[in-house]
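Work through the exercises below with the sequence and the model open. Try each task before reading its solution.

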Amino acid sequence: MIDEKRYAGRIIKLTVGEDELIRKHFVRKAAKENELFYHNELVKAGLTVPRLYKNAEKAIYYDYIPSIHYLDVLDIWERDEDSDFSIWQPLAEWLCKLYKECPGVVVGDPNLRNFILDTERKCYGIDFEEYRQGKIIDDIGLLLAYISTYKPAYTEGKKKVCNYLIDYFITHLNITRPELVMTITKQIAELEHRRAGKIMKGKRKYK
Ligand SMILES: Nc1ncnc2c1ncn2[C@@H]1O[C@H](COP(=O)(O)OP(=O)(O)O)[C@@H](O)[C@H]1O
Ligand SMILES: [Mg+2]
């Protein structure tokens, strides 16, 4: 092992010989098992995910993907005056493929840090700990609630991204605009409630 650096929280980036890896540490065994189970389901379904390198006792090792997560994509997209929506298509396509190829499976925690975009503009899903059986509309609604409320919230740019994604999802999935808009409103209220609770407890950082 030549090099090791903390990448984000319990994620460590390692270089082992020629290999660049991500080590994800787990305290809860059930969380690790859920992550492995859904990683395997997604691989079988042909979704783009980092390759599993090693399953250790308290950690999972994946190939490191040179990439940025979609929260940084959003930030860059909002600063760039000439930006078009093409950078959002890989994420939208990835999610539609998930819902079609893995019936009933949802991301569970569809915040933008759980999707990364590589240098060839390919989207990868990461972080399968909260994947589960659930309703597509709630998953999409929560994704759009996250996008709307990242700080600074409700900007013109974020509204445009949300409208693009709403159009995409109602065209490609079996959901209607009114039910999706209603779900986003409900999810925003729940997110704000959860975040207010965390601020009361002095935990200001949120996803
Ligand atoms: N295989 C990977 N390749 C590149 N970056 C990764 C990889 N896995 C995780 N990351 C980075 O680490 C961050 C956190 O990883 P994640 O699996 O979501 O763990 P958690 O949310 O529990 O901290 C991601 O947002 C991403 O930036
Ligand atoms: Mg995550």
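**Exercise 1.** Does Ile-126 count as buried, partly exposed or exposed, and why?

*Solution.* This is a predicted model, and every value here is computed from it.
Step 1: count the neighbours. Ile-126 has 19 C-beta neighbours inside 10 Å.
Step 2: apply the cut-offs. A buried residue needs 20 or more, and an exposed one has 12 or fewer.
Step 3: conclude. Ile-126 therefore counts as partly exposed.
Step 4: place the residue. Ile-126 sits in the loop between β9 (123-125) and β10 (132-133).
Step 5: look across the chain. Val-49 is 77 residues away from Ile-126 in sequence, yet their C-alpha atoms are separated by 6.4 Å.
Step 6: list the contacts. Beyond four places in sequence, Ile-126 touches Pro-50, Asn-114 and Ile-116.

**Exercise 2.** Find the domains of the chain and state how many residues each gives to their contact.

*Solution.* Step 1: take the bounds. The domain assignment gives domain 1 as 3-63 and domain 2 as 67-200.
Step 2: count the contact residues. Domain 1 supplies 13 residues and domain 2 supplies 14 residues.
Step 3: take the separation. The centres of domain 1 and domain 2, over C-alpha atoms, are 23 Å apart.

**Exercise 3.** Describe the largest nonpolar core and explain where it lies relative to the domains.

*Solution.* Step 1: size. The largest nonpolar core has 37 residues.
Step 2: hubs. Leu-91, Ile-140 and Leu-144 have the most contacts inside this core.
Step 3: main contributor. Helix α4 (residues 136-149) gives the most, with 9 residues.
Step 4: location. Domain 1 (3-63) and domain 2 (67-200) both give residues to this core, so the core lies between them.
Step 5: follow one hub. Setting aside neighbours within four places in sequence, Leu-144 contacts Cys-162, Leu-165, Ile-166 and Ile-184.

**Exercise 4.** Work out how α4 and α5 pack.

*Solution.* Two numbers are needed. Packed helices are described by the angle between their axes and the distance between the axes.
Step 1: angle and distance. α4 and helix α5 (residues 156-172) pack at about 165°, with axes 9 Å apart.
Step 2: direction. Angles over 145 degrees count as roughly antiparallel, so α4 is roughly antiparallel to α5.
Step 3: handedness. The crossing of α4 past α5 is right-handed.
Step 4: residues. α4 brings Ile-140, Leu-144, Ile-147 and Ser-148. α5 meets them with Lys-158, Val-161, Cys-162, Leu-165, Ile-166 and Phe-169.

**Exercise 5.** Classify Ala-145, Lys-160 and His-172 by burial.

*Solution.* Step 1: Ala-145, found in helix α4. Ala-145 has 22 C-beta neighbours inside 10 Å, so it counts as buried.
Step 2: its surroundings. Beyond four places in sequence, Ala-145 contacts Ile-184, Gln-187, Ile-188 and Leu-191. Pro-110 is 35 residues from Ala-145 along the chain, with 9.8 Å between the C-alpha atoms.
Step 3: Lys-160, in helix α5. Lys-160 has 15 C-beta neighbours inside 10 Å and so counts as partly exposed. Arg-10 is 150 residues from Lys-160 along the chain, and their C-alpha atoms are separated by 33 Å.
Step 4: His-172, which is in helix α5. His-172 has 15 C-beta neighbours inside 10 Å and so counts as partly exposed. Ala-92 is 80 residues from His-172 in sequence and 9.4 Å away in space, C-alpha to C-alpha.

**Exercise 6.** Inspect the backbone at Pro-152, Tyr-154 and Arg-121.

*Solution.* Step 1: the peptide bond. Lys-151 and Pro-152 are joined by a cis peptide bond, with omega about -5°. Pro-152 lies in the loop between α4 and α5.
Step 2: Tyr-154, in the loop between α4 and α5. Phi of Tyr-154 is near 55°, a positive value in a residue other than glycine. With 12 other C-beta atoms within 10 Å, Tyr-154 is exposed.
Step 3: Arg-121, in the loop between β8 (115-118) and β9. Phi of Arg-121 is near 60°, a positive value in a non-glycine residue. With 10 other C-beta atoms within 10 Å, Arg-121 is exposed.

Notes
Residues are numbered from 1 along each chain as its sequence is written. Chains are lettered from A and ligands numbered from 1 in the order in which they are written. This is a predicted model: local features need pLDDT of at least 70, side-chain atom pairs count only at pLDDT 80 or more; totals for chains, interfaces and linings use all residues. A nonpolar core is a set of buried Ala, Val, Leu, Ile, Met, Phe, Trp, Tyr and Cys residues joined through C-beta atoms within 7 Å. Helices (H or I, at least four residues) and strands (E, at least two) are DSSP runs, numbered from the N terminus. Domain bounds come from an automatic or database domain assignment. Two residues are in contact if their C-beta atoms, placed from the backbone, lie within 7 Å. Axes are lines fitted to C-alpha atoms, for helices over the stretch in contact, and angles run from 0 to 180 degrees between N-to-C directions. Angles under 35 degrees count as roughly parallel, over 145 as roughly antiparallel, 65 to 115 as roughly perpendicular and the rest as oblique. A crossing is left-handed if the near helix is turned anticlockwise from the far one by less than a right angle, and right-handed if clockwise.
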